[in-house]
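Here is a short report on one protein model. Keep the sequence and the 3D view open while you read.

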Amino acid sequence: MIYGYIRVSTDKQTVDNQRFEIERFCSKNNLKIEQWIEEKISGTKSPEKRLLGPLLAVVKKNDLIVCSELSRLGRSLFMIMSILNRLMEIGVLVWTIKDNYRLGDNIQSKVLAFAFGLSAEIERDLVSQRTKEALARRRAEGVVLGRPSGKKSSRVKLSGYEKEIQELLDNKISKSEIGRKLGVHRMTVSEFLKERMLSV
């Protein structure tokens, strides 16, 4: 299956130029677009919030996506790399016209796939490091992080069901039956009654 992907950022822009470029390219290379995906949306939006998302979900090995340039896939380098990595893992070919990229089963693609994986790993490490540094800074400022030792959360699974539980108890409904009605174990009901509904 050969897909033509077109994206413009605003309603003021037209898809016609990109479509013309893709059609001319395909004509020169004896290709025929079997399905067009055209959208007017910012490239900063995640693929799942664009028509690109459903396309990524249905493409199969050896399918081809043709677009005018890589920037049509996304606005940030990391997003573009992430999308291309997903496609290459499936075995989907991606050809761009202005950039002249041919991503598929070749050495260029394998080098890029390595770069994509490495950049994703670096990004994860950076996020983890920033989180650790932020937590360390807050500790140094004297902020107590997390739940104090020995203290239970003020909100538990049955929080908000006090009135309903009380009515069931008043109607002589057993703890086991209350648990079944509320989708929890009988012991959860017992603990909740003991710790949160002291009047019961």
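## Overall layout

In this predicted model, 32% of the protein's 200 residues are buried. The accessible surface comes to about 13,100 Å². Carbon and sulfur atoms account for 52% of that surface.

The secondary structure comprises seven helices and five strands. Along the sequence, the order is β-α-β-α-β-α-β-β-α-α-α-α. Contacts often reach across the chain. Among those between residues at least 6 apart in sequence, 65% link residues at least 24 apart.

## The largest nonpolar core

In soluble globular proteins, nonpolar side chains tend to be buried together. Here, the largest nonpolar core holds 20 residues. Which of them touch the most other members? They are Ile65 and Leu87.

Four elements each supply at least two residues of this core: β1 (2-8), α2 (52-58), β3 (64-67) and α3 (77-90). Helix α3 gives the most, with six residues.

Take Ile65 in more detail. This residue sits in strand β3. Is Ile65 buried or exposed? Its relative accessible area is 2%, so it is buried, the cut-off being under 20%.

What does Ile65 touch, once residues up to four places away in sequence are set aside? The partners are Tyr3, Tyr5, Leu55, Val59, Leu87, Val92, Leu93, Val94 and Trp95. One of these contacts, Leu87, is the other residue that touches the most core members. Another is Val92. Ile65 and Val92 are 27 residues apart in sequence, yet their C-alpha atoms are 7.6 Å apart in space.

## Helix α1 and its two sides

Helix α1 covers residues 16-28, 13 residues in total. From first C-alpha to last, α1 reaches 18 Å. That is close to the 18 Å expected at 1.5 Å a residue.

Five residues of α1 are buried: Gln18, Glu21, Ile22, Phe25 and Cys26. Why do they lie on the same side of α1? They cover an arc of only 125 degrees around the axis, which puts them on one side of the helix. The general geometry helps here. An α-helix has 3.6 residues a turn, so residues three or four places apart point the same way.

The buried residues of α1 pack against strands β1, β2 (35-40), β3, β4 (93-96) and β5 (102-103). On the other side of α1, the exposed residues are Asp16, Asn17, Phe20, Ser27 and Lys28. Phe20 is thus listed as exposed, whereas Phe25 is among the buried residues.

## Asparagines with positive phi

Most residues other than glycine have a negative phi, and most peptide bonds are trans. The asparagines below have a positive phi.

| Residue | Phi | Place |
|---|---|---|
| Asn30 | near 55 degrees | follows α1 |
| Asn62 | about 75 degrees | loop between α2 and β3 |
| Asn100 | about 60 degrees | loop between β4 and β5 |

Asn62 and its surroundings are worth a look in the viewer. Is Asn62 buried or exposed? With a relative accessible area of 57%, Asn62 is exposed, because the cut-off is over 50%. Asn62 lies in the loop that leads from α2 to β3, and β3 is the strand that holds the buried Ile65.

Definitions and conventions: Residues are numbered from 1 along each chain as its sequence is written. This is a predicted model: local features need pLDDT of at least 70, side-chain atom pairs count only at pLDDT 80 or more; totals for chains, interfaces and linings use all residues. Side-chain values use heavy atoms; hydrogens and water are left out. A nonpolar core is a set of buried Ala, Val, Leu, Ile, Met, Phe, Trp, Tyr and Cys residues joined through side-chain atoms within 4.5 Å. Buried means under 20% relative accessible area, exposed over 50%, partly exposed in between (1.4 Å probe, protein chains only). Contact means heavy atoms within 4.5 Å. Accessible areas come from the Shrake-Rupley method with a 1.4 Å probe; for residues, only the protein chains shown count as cover. The expected span of a helix is 1.5 Å times one less than its number of residues. The arc is that of the directions from the helix axis to the C-beta atoms.
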